[in-house]
Amino acid sequence: VYQGEQDGAVKESKARYLDQILVVVVLVLCNHHSTRGDAFNQKVFFRLFSAILFHLNDAAKEEALADQKADVFLAVARALLVLQPSHIQRFTFSWLALVAHRIFVPAMLEEGQGDKRWDVYAQLIETLLIFTGKLIKPTGETIMAEQFYRGVLRVLLVIHHDFPEFLVENHFQFCNSIPMHCTQLRNLIVSAYPS
């Protein structure tokens, strides 16, 4: 928020500065994930990202980041793309909660189609659907897979209710990401229509 605000300071893009900070956070998270194994604590990093989202939202409402809101949330979205469940498996449920965060979803989808944030959020949802398809097997699922699938359905229901235009715009891309045995997900996406 305060980067480059003093007199004489170089006023670089605040989004680029946040991007570099998030790179460090992602590197620390990856290091903890690989070194601690099953003792990895995903709650710490979830709370950190959640706090970042809350503070960015507050700063975007004021004049501090109002003009760079889109770029700042794009930096967070790019960090979440790096942390996708296929790469960091012990961060899966926290990642899902961050992608569906009550501040993050409206910040990414509020402006409308053609916005760069829609494209990046569509990549996040496509990544989510591909991972869900690999997790859900037609022969039977584990308890973890069932819980994750339930969470994905809730995320898509919220998007279906609040931003149906997003699902309509990207339905072909999303349907191609879902395997044939996940008919409930496919039907939810196909049933979206513009308000």
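Tutor: One term before we start: a salt bridge is a side-chain nitrogen of Lys or Arg within 4 Å of a carboxyl oxygen of Asp or Glu. What you're looking at is a predicted model, where local features need pLDDT of at least 70, side-chain atom pairs count only at pLDDT 80 or more, and totals for chains, interfaces and linings use all residues. Residues are numbered from 1 along each chain as its sequence is written, and side-chain values use heavy atoms, with hydrogens and water left out.

Student: OK, confidence then. What is the average pLDDT of the protein chain?

Tutor: pLDDT is the predictor's confidence in each residue, on a scale from 0 to 100. In this chain 93% of the residues score at least 70, and the average comes to 89.

Student: Which element has the highest mean pLDDT?

Tutor: Elements here are DSSP runs numbered from the N terminus (helices: H or I, at least four residues; strands: E, at least two). At the bottom sits helix α10 (residues 183-190), with a mean of 92. The top mean, 96, belongs to α4.

Student: On to the salt bridges. Which residue does K69 bridge to?

Tutor: The closest N and O atoms of the two partners are 2.9 Å apart, and K69's partner is E110. This contact links distant parts of the chain, 41 residues apart: K69 is in helix α3, while the partner is in the loop between α5 (104-109) and α6. So the residue you want is E110.

Student: Which residues make up the salt-bridge network?

Tutor: E110 has a second bridge, this one to R117, with closest N and O atoms 3.7 Å apart. Putting the two bridges together gives a network of K69, E110 and R117.

Student: Is R117 buried or exposed?

Tutor: Buried means under 20% relative accessible area, exposed over 50%, and partly exposed in between (1.4 Å probe, protein chains only). E110 counts as partly exposed because its relative accessibility is 39%. R117 has just 4% relative accessibility, so this one is buried.

Student: How far apart along the chain are D38 and R90?

Tutor: Their side chains meet in a salt bridge, 3.3 Å from N to O. D38 is in the loop between α1 and α2, and R90 is in the loop between α3 (69-82) and α4 (92-99). That pair links distant parts of the chain, at a separation of 52 residues.

Student: Why is D38 called exposed?

Tutor: R90 counts as partly exposed because its relative accessibility is 34%. D38 is exposed because its relative accessible area is 73%.

Student: What is the C-alpha distance between N41 and R90?

Tutor: N41 is also found in the loop between α1 and α2, and it counts as partly exposed because its relative accessibility is 39%. N41 and R90 are 49 residues apart in sequence, and in space their C-alpha atoms are separated by 8.5 Å.

Student: Now the rings. Why is the F131 and F148 pair edge-to-face?

Tutor: Rings of Phe, Tyr and Trp (its six-membered ring) pair if their centres lie within 6.5 Å; planes under 30 degrees apart are stacked, over 60 edge-to-face, the rest tilted. By that rule there are seven aromatic pairs. For F131 and F148 the centres are 5.5 Å apart, and the pair is edge-to-face because the planes meet at 85°.

Student: Which helix holds F148?

Tutor: Both F131 and F148 are buried. The two are 17 residues apart in sequence, with F131 in helix α6 (residues 116-135) and F148 in helix α7 (residues 143-162). So the helix is α7.

Student: Which residues form the aromatic cluster?

Tutor: One of its pairs is F166 with F174, tilted, at 5.7 Å centre to centre and 55° between the planes. F166 is buried because its relative accessibility is 0%, and F174 is buried because its value is 0% too. The full cluster is F104, W118, Y121, F166 and F174.

Student: Last stop, the pocket. Which element gives the largest share of the lining of the largest pocket?

Tutor: Among the lining residues are K14, Y17, H55 and L65. The elements that contribute two or more are α1 (14-36) and α2 (42-61). The largest share, four residues, comes from α1.

How values were computed:
1 Å grid on protein atoms, 1.4 Å probe; cavity = no way out; pocket = protein on both sides within 12 Å on 5 of 7 lines; lining within 4 Å.
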